[in-house]
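User: I'm new to this one and would like to go through it step by step. Could you start with a single residue and then widen the view?
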Amino acid sequence: MAVLLYHLPNAICAQKVRVVLAEKGVPFSAENVVNRLRDPEYLKLNPNGYVPTLVHDGKVLWESRIIAEYIDDAFEGPPLLSEDPFERAQTSIWTKQIDDSLHLNVFILSLTAIFRDVFLARPEGEREKFLAFDLTKRERTKAILKDGWDSHYVDEAVKRFAKLTADMEDALQNGPWLVGSSYSLADADFTPYLHRLTDLGLSRLWKTKPALAAWFDRVRSRNSFDEVYKNWYTEEEVAAADRIRVAAEPKFGAVLDRLGLD
């Protein structure tokens with residue numbers, strides 16, 4: 001059964017799908033679509049113009065949460081969704097947060113600290129074609145390009161992740177994983193988000209949260225964590241990520257201080 005993943009190595013939604021494929025032991029081919037998201041041929045596969053897109057035996061899927069659930073259903077390997085209806089619902093509550101607010105907010109943080117300078121380096125007349133199709137993301141992007149670190153959207157995004165890490169700390173008082181006694185799609189989905197927060201210099205958010213810190217150590221010790229970045233980043237890209245973290249950490253630290261958050 002041929003599996004092809006269209007992705008970007010550093011895209012969080014693609015990272016979580018790669019983690020799920022690894023957890024299920026599914027071999028796959030990957031095609032990097034950098035600078036091709038608006039190409040007509042790619043838009044035939046994914047009319048939303050983003051990653052990931054999964055093609056399995058000619059059948060095309062997009063939306064990372066749907067892809068992850070499909071992979072769990074379609075392939076053998078350790079189940080990532082419980083057979084218990086309540087635990088399945090709890091997993092959905094966790095993963096739905098990503099679609100509802102978390103992904104937009106990590107986009108805001110990443111844009112501010114990483115991609116804003118790239119956007120601004122483009123000629124003003126060319127920036128429009130690189131904006132997301134999603135109207136909310138377009139509006140947020142324009143606001144961040146204009147106001148940068150002073151945008152109120154940055155504060156709101158940091159507050160949202162402060163709440164998330166507090167909620168995760170509370171949930172992990174009950175066991176080693178976010179839902180039930182076994183690793184699940186909830187753990188897979190949130191792994192790249194915690195990694196991105198680390199890359200942004202925001203690991204301070206769990207400095208005083210021992211259960212969450214221990215959870216992050218556990219997911220990083222799994223073989224599937226290599227799919228977040230190790231298997232896909234060059235040494236130069238890892239070094240660049242380190243430079244971004246060093247530059248962003250004091251700026252986000254100042255935001256946390258101003259908001260009274262840890």
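User: Is T91 buried or exposed?

Analyst: In this predicted model, T91 has a relative accessibility of 3% and therefore counts as buried, the cut-off for that being under 20%.

User: Where is T91 placed, and what does T91 touch?

Analyst: T91 has its place in helix 4, and once residues up to four places away in sequence are set aside, T91 touches L81, V179, S184, L185 and A186.

User: What about T141, buried or exposed?

Analyst: T141 is buried as well, because its relative accessible area is 2%, which falls under the 20% cut-off. T141 lies in helix 5, which covers residues 135–147, and apart from neighbours within four places in sequence, T141 is in contact with F107, L111, F119 and L131.

User: Which other residues of helix 5 are buried, and what do they pack against?

Analyst: Besides T141, the buried residues of helix 5 are R138, R140, A143, I144 and L145, and the buried residues of helix 5 pack against helix 4 and against helix 6, which is residues 152–171.

User: How does the span of helix 5 fit with its number of residues?

Analyst: Helix 5 has 13 residues, which at 1.5 Å a residue should span 18 Å, and the C-alpha atoms at its ends are 18 Å apart, so the two values agree.

User: Switching to helix 1, how far does it reach?

Analyst: Helix 1 takes in residues 12–24, and from its first C-alpha to its last it reaches 19 Å, close to the 18 Å expected for its 13 residues. Just after helix 1 comes G25, which takes a positive phi of about 70°.

User: How many residues of helix 1 are buried?

Analyst: In helix 1, 12 of the 13 residues are buried, which leaves this helix mostly covered. Among them are charged-type names you may spot in the sequence, including K16, R18, E23 and K24, alongside others such as V17, V19, V20 and L21.

User: What covers that helix, then? Which elements do its buried residues pack against?

Analyst: The buried residues of helix 1 pack against strand 1 (3–7), helix 3 (64–74), helix 4 (85–121) and helix 7 (185–199).

User: Now R222, where is that found?

Analyst: R222 is found in the loop between helix 8 (210–221) and helix 9 (235–259). With a relative accessible area of 26%, R222 is partly exposed, because that value lies between the 20% limit for buried and the 50% limit for exposed.

User: What is R222 in contact with, and how far is it from K137?

Analyst: Leaving aside neighbours within four places in sequence, R222 is in contact with E23, W177 and Y183. R222 and K137 are 85 residues apart in sequence, and their C-alpha atoms are 33 Å apart in space.

User: Let's widen the view. How many helices and strands are there, and in what order do they run?

Analyst: The protein chain has 9 helices and 4 strands, and from the N terminus on they run β-α-β-α-β-β-α-α-α-α-α-α-α. The chain's radius of gyration is 18 Å, close to the 18 Å that the globule rule gives for 262 residues, so the chain is as compact as a globular protein of that length.

User: And what share of the residues is buried?

Analyst: Of the 262 residues, 47% count as buried. The chain exposes about 12,800 Å², with carbon and sulfur atoms supplying 52% of that area.

User: What about contacts between residues set apart in sequence?

Analyst: Among contacts with a separation of 6 or more, 71% come from residues 24 or more positions apart.

Technical notes:
Residues numbered from 1 in each chain as written. Predicted model: local features only at pLDDT ≥ 70, side-chain atom pairs only at ≥ 80, totals over all residues. Heavy atoms only, no water. Helix = DSSP H or I, 4+ residues; strand = E, 2+ residues; numbered from the N terminus. Rg over C-alpha atoms; globule rule 2.2 N^0.38 Å. Buried < 20%, exposed > 50% of the residue type's maximum accessible area, 1.4 Å probe, protein only. Contact = heavy atoms within 4.5 Å. Areas by Shrake-Rupley, 256 points an atom, 1.4 Å probe, with all protein chains shown as cover. Expected span 1.5 Å × (residues − 1).
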